[in-house]
Amino acid sequence: MLELIVISTLNGVLYGMLLFLMASGLTVIFSMLGVLNFAHASFYMLGAFFGFQISRWFGFWPALILAPLLAGALGAAVERYGLRHVHKNGHVAELLFTFGLAFAIEEIVQIIWGKSPVDFRVPPLLDFPAFTLFSTNYPAFKIFMLVVSIVIFIGLLVVLKRTRIGLIVQAALTHPHMVGHLGHNVGRIFMLVFGVGTALAAVAGVIAGPALVTQSNMAGLLGPILFVVVVVGGLGSLPGAFIASLLIGLVQTFAVSMNGSLAGAFGPLSPDYAATWLSDIWNVTVAQIAPIMPYLLLVLILIFRPMGLLGTRDT
Amino acid sequence: MSDALAKIPATIAPPRPAASDRLKFYGIWIGAALALLVLPKLFSSGGSLTTFSLIGISIIFSLSYNILLGQTGMLSFGHAVYYGLGGFLAIHAINIIARNKFAIPLPLVPLVGGAAGLVFAMLLGWVSTRRSGTAFAMISLGVAELVASSALILRTFFGGEAGVSANRTKVLRLFDWSFGPQIQIYYLVAAWTLIAVIAMYALTRTPLGRMCNAVRDNPERVQFVGYDPHIIRYIAFCFSGLFAGIAGALAAINFEIANSAYLGAVQSGTVLFATYIGGVGFFIGPIVGAIFVTLLSLGLSDLTQVWQLYFGLIFIAVVMFAPGGITGLLMMHRPLLKGGTLSRVLPSYLVAFVPTLAMITGLMLAIETTVHFTVNPGEDSHIKAFGIPFDAANPAIWAVAAVLLIGGFIIARKTWARVAGSWDDALTAAREKGVAA
Amino acid sequence: MRKLALIASIALPMLGGTAMAQETVKIGYIDPLSGGGASVGEVGLKTFQFLADELNAKGGILGKKVEIVPLDNKTNPQESLIQAQKAIDGGIRYITQGNGSSVAGALSDFVTKFNDRNPGKEVLYFNYAAVDPVLTNEKCSFWHFRWDANSDIKMEALTNYIKTVPAVKNVYLINQDYSFGQSVRSQARAMLGAKRPDVKIVGDELHPLLKITDFAPYIAKIKASGADSVITGNWGQDFALLLKAAADAGLKVSWFTYYAGGTGGPTAIKQAGLNHQVFQIAEGIPNLGHASADVFEKALRAKYDFSLFYPRAVNEMRMFAAAAEKAKSLDPVKVAAALEGMEFEVFDGGKGNMRKDDHQFFQPMYIASFGERTDKEPFDEEKTGWGWKLAAKIDTPQTVLPTTCKMERP
């Protein structure tokens, strides 16, 4: 029991940090620009594929730097030449723009790299078990992922709270017009924020690529869950997103480790109901519904605390 | 004082429309009905009948979505929930009717779907319509995921992955219509489409429809005049669920199967696309969008292997260059038409058309040739794109593509500027003639 | 105007629906060519096109050229029905599909109803990979023929093998939560219980289909259960991610799988370093040393960058040609009659037969493990350097299972 609790906690934290890594960029974009960026996961995928290609040519470590820069530049260009023109037509237009973008990016990736998974390996430097706990190995690469997540979290916090640019961005968050009136180039701030956000997604891609599967459908899988993280955490709150990621990671991992069902708790259902929908509910295990827990959490949070866990602004 | 009050209603109520206007108004509906009757005579293959049926279903679904998005200003990511539940209930209804030999003919089954959509909208809508904006959008996303996932868990009702199937010919027959052949299904869908469209149009003309617009534009003021925006959003949501359920039931009748894909995110995304692309600002917008998107999604994959890329690019283009959707783009010309200055812009359109077409052709040529070399290397280089054969191995292709794309763009940019200029002139001229823009 | 032209160019080919003169035999290939399932669908399409070329080189079927018409169903049952309708409009009388039992169920249902309502225009449905047992049991149809062993047959063969391996003592079942995964799980329980009552099933997990990004918690559970073997029907990324997580955690078990050879599977096994620990049950693998199969495999690899994953597709196309020759007709009803009960020398050698009662094809099955090669295994997979090695052959009679099908014949 203790073994399962310790291991589940560890796995939950690791998974949560992976989520945060992916969601951090979206938090920045979604909170600052209010853009429901459905293409965010596409930039994550682009990061993974850029990382794969660059690591083939120059190795993993240059890829970790170059791929996000490339994706960030692309993101900034998308904001400058696309989103900015759509912005005046409202959020739905922006959203559909990113929808279309996600479609196009997925197909472009398929044209270039094919539809099958590519062989993106963990760099040899990190390809060893970092430690063993209850005879379960924890690979060094996952620990590296954890460290990167925390570094990004702290880095973003410091930039937002302690630097001049962070202050301007924060001000733009609550009073965009006022910031504009003060003579700041709000357009450039938005472009910067979007570029940084997409670059963060690409960092997640380069790191998650070898750890998970690098394939052209990897973006579609993650889209909605990232919004869950951002909204549950609270718009505009980086610590909120951090806590939400951890929470979702832990909830999901612990749910998976539980075999309980209503049948287990109250005994088997009488055979009269064997072929009714009641028996489906009765026999479903907690583990089976683990992956929909985040959405349950999302709905509950929005009903009872619409500003999210640590949010300051009503969504 | 009392005199003044008595006069107010007369000034507020719109004037009775003139006989010619009324004729025009009813003429449109009768014309639509006639067109629906004649259509299968022109295109009678099974595939085109299926296409028309799908378009009809999509029209109802998109219009129901526009009750939310266009009229009440609520962005939903989970409208397929009501569509899907309507479909499932309809399939179960067909099975139950067939098993118990109830005297209910197939054309009434969509009512079951509508009722299902309404009931679930009533159940799920109350909490989610408390707010609009992002909160509503996100709740709808969460609810959609929950319902779609439970479709795979509640197997006895939803039939798991495989879904539930039925045989529509087994229910009570009316006038010897078995509803086996697609043509009969087409007429069923067409009739329901007409009914639903008229009903939804009528809804926009009621005080409720007007209050929905008010809630969309300024919920605070709505509160000041004594209405609760939450209630209005809720009622609109329920109506929207009702019509989505009807659409879902028709889809279930058409395919004779309902499965979890009905409830999924793709379905919700498609309706959002169709509605917005058509134009949310006009009643016929979603109709145009439904036709456009259905044809696109059915036909594009036959023409090119990388249809997703074109799909994405088309949406980006529409969102960027036609923010009011296709209908918005067309409606922009109304004042010009009324002012009689439309002829002033047409020449510049023609001039702009050529380089723009060249640019698009160049882009398509480049894409298709690239696709040939990366996706199908080693295959015959004589490929067909959009029905036009060419040799991808010919190096001149690249030069042609580059010239068309770059040259087209440079010239097209200049012509676009001309279009904008002549457009402004024409509009000013129309205004001078006293036509309100 | 431009928009009108665009709409017309899209709509017209669809609305035209002209019946083509039957100079070619067209086979509608309805499978995902875009979206998540595209990588699998594309391999299938190219395999079929290769097989059509092979038939055409020999003069086609009854002197007519064979043409594969790709139709993208986006793994969606409704879309598949639209595509099937479109195929029928284009004069296609034979359709083939494989990916997704939900699609297969919908298609089988559609074809049956269509043939019922349109006598004289019958369409046959050749299923090359959808393995849900109901298709040849409760929901069997005269118009549906299946060349892949259904999941019960595979489990029968697999458990017949496990019966002979005493090292298997504690088995963990992990499967995707949908009809196929559930049938794997329930059959594994039933058949293991009957054949190896001493084997303990220490865990039985269903996880959502293609939704899990991190399998570490599942691996932790497998580890805690003390299992020495895992039986899984997982495919695609659910398989790759499961193995990756297992390798990360250092889980050492034997894997008995259905689809380890699927796209991306061999790469994942190699990355995880599970040398000859992953077994697959299939109707054929490279490296069996069967001469004609080796020639075919080499030719396929020379043309495309993948290996033959669908020996059943070879059987399907060759048997279709044989049946048409036997019936001396391309009329689907006659071809169907000729296919019923037909005996056939399968791709990798050995006898197979299309059972008349339920239109399920029975053939020798092979259990193979994936890992380092010796001289006897010339072929590797996905450029990993590793290849399949035969562990056991289960001959046709040991794969036969009863059916509950009550076939309604026209």
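**Chain A fold and its contact with chain B**

Biologist: What share of the residues of chain A count as buried?
Modeller: The model is predicted. A residue is buried if 20 or more other C-beta atoms lie within 10 Å of its own. Across the 315 residues of chain A, the share that passes is 53%.

Biologist: Which radius of gyration does chain A have, and why does it agree with a compact globule?
Modeller: The rule depends on chain length, and chain A has 315 residues. A compact globule of that length would come out near 20 Å, so the value for chain A agrees. That value is 21 Å.

Biologist: How many helices and strands does chain A have?
Modeller: Take the strands of chain A to begin with: there are two. The helices of chain A number 13.

Biologist: What percentage of the chain A contacts between residues at least 6 apart in sequence join residues at least 24 apart?
Modeller: Contact here means C-beta atoms within 7 Å. Pairs under the 6-residue separation are left out. Of the remaining contacts in chain A, those joining residues at least 24 apart make up 76%.

Biologist: Which helix gives the most to the side of chain A that touches chain B?
Modeller: On that side, 37 residues of chain A meet 36 residues of chain B. Helices H3, H4, H9, H12 and H13 of chain A each supply at least two residues. The top contributor, with 14 residues, is H4(A).

Biologist: How many residues on the side of chain A that touches chain B are nonpolar?
Modeller: Set aside the three charged residues and the seven polar ones. The nonpolar residues there number 27.

Biologist: How far apart are the centres of domain 1 and domain 2 of chain B?
Modeller: Domain 1 of chain B covers 24–330, and domain 2 covers 334–432. Taken over C-alpha atoms, their centres are separated by 34 Å.

How values were computed:
Residues numbered from 1 in each chain as written. Chains lettered and ligands numbered in written order. Predicted model: local features only at pLDDT ≥ 70, side-chain atom pairs only at ≥ 80, totals over all residues. Helix = DSSP H or I, 4+ residues; strand = E, 2+ residues; numbered from the N terminus. Rg over C-alpha atoms; globule rule 2.2 N^0.38 Å. Buried ≥ 20, exposed ≤ 12 C-beta atoms within 10 Å, placed from the backbone. Contact = placed C-beta atoms within 7 Å. Domains from an automatic or database assignment. Nonpolar A, V, L, I, M, F, W, Y, C, P; charged D, E, K, R; others polar.
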